[in-house]
Amino acid sequence: MKLVVCKNYDEVSAKAAEYFINLVKAKPNAVLGLATGSSPIGMYKLMIADHEQNGTSYKDVKTYNLDEYVGLDGSNNQSYHYFMNENLFKGLDIPLENTHVPSGIGNHDTLAAEYDAVLDELGGADLQILGIGSNGHIAFNEPGTSFASTTHIVDLTEETIQDNARFFDSIDDVPRESVTMGIASIMKAKKIVLIATSAHKAEAIKGMIEGPVTEDLPASILQQHPDVVVIVDTEAASLLDK
Ligand code: GLP
């Protein structure tokens, strides 16, 4: 794991965006693994600015996203479909049919298998962006999830529901289930950039980098991936030994 400690969120966003922009310039038909949450918003803004100013084109890029809330369709402004359209896709020249976000509606029993079929067709991402939950989750793989997991439906933990309540009018509006790529599927990415800011993430970052590899802290599996860059601000890095 390579660790990069930055001053603040803006610097983290700039460093992460650089990896994505450089990849798309070098490989115009790259497959990008994308994430939601507040962490990647700054990076997405910079990718859009670069597209507008320098003409970096996404017309041959393909993307897939990590997760979606069960029960929310793409027109719901709390859905991750909506988030991706608003925060990234509509600012780029990427054809929407090249973008893939798991469906949160439809037959509950087949949602996961349907998304696995999409992922199989795309192959692993050339580059995957990840955030991290304060309990060490990646995507919506909560503590205790098998490292061998593929796409599955999960019951969100109370901690995650509380963390994500800030995006909703009330905590009761936060969906209780999500469909998420599994840990084995995420590990197929050729390269992974994980970003985190604020003291709220410090414990998870410490466990991920310095703790044992354990299903109790899902992100710790990244210690076994051959090419991971962790980009954090000083607060998220504050509990690290060195
Ligand atoms: C959600 C998402 C994760 C994300 C995490 C952290 O639970 N499913 O993919 O990494 O939140 O979000 P934030 O970046 O807002 O702290």
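## Annotated active site, largest pocket and a helix pair

In an unreviewed entry, UniProt places the feature "active site" at Asp 67, Asn 135, His 137 and Glu 142. Of these residues, Asp 67 and His 137 are included in the lining of the largest pocket. The structure discussed here is a predicted model, and the annotation is taken from the UniProt record as it stands. His 137 is found in the loop that runs between β6 (127-130) and β7 (152-155).

The largest pocket itself has a volume of about 580 Å³. Its lining is made up of 32 residues, and those closest to the centre of the pocket are Thr 36, Gly 37, Ser 38, Asn 164 and Arg 166. When the lining residues are divided by class, 13 are nonpolar, 15 are polar and 4 are charged. Three elements, listed below, each supply at least two residues of this lining.

| Element | Residues | Contribution to the lining |
|---|---|---|
| β4 | 67-69 | at least two residues |
| α3 | 80-87 | at least two residues |
| α5 | 158-164 | at least two residues |

One of these elements, α3, also packs against helix α2 (residues 41-54), at an angle of about 40° and with the two axes 10 Å apart. Because an angle of about 40° falls outside the range under 35 degrees that counts as roughly parallel and also outside 65 to 115 degrees, α2 and α3 are oblique to each other. On the α2 side, the residues in this contact are Ile 41, Tyr 44 and Ile 48, and they meet Phe 83, Met 84 and Asn 87 in α3. By class, the contact of α2 with α3 has 5 nonpolar residues, 1 polar residue and no charged residues.

On a wider scale, the UniProt annotation "domain: Glucosamine/galactosamine-6-phosphate isomerase", again from an unreviewed entry, covers residues 11-226. Within the model, the span of residues 11-226 is 32% helix and 14% strand, and its end C-alpha atoms lie 25 Å apart.

Methods:
Residues numbered from 1 in each chain as written. Predicted model: local features only at pLDDT ≥ 70, side-chain atom pairs only at ≥ 80, totals over all residues. Heavy atoms only, no water. 1 Å grid on protein atoms, 1.4 Å probe; cavity = no way out; pocket = protein on both sides within 12 Å on 5 of 7 lines; lining within 4 Å. Points joined across faces, edges and corners; volume = space filled by probe spheres on them. Helix = DSSP H or I, 4+ residues; strand = E, 2+ residues; numbered from the N terminus. Nonpolar A, V, L, I, M, F, W, Y, C, P; charged D, E, K, R; others polar. Axes fitted to C-alpha atoms, helices over the stretch in contact; angles between N-to-C directions. Parallel < 35°, antiparallel > 145°, perpendicular 65-115°, else oblique. Contact = heavy atoms within 4.5 Å. UniProt positions renumbered as here; feature names shortened; annotations may be inferred.
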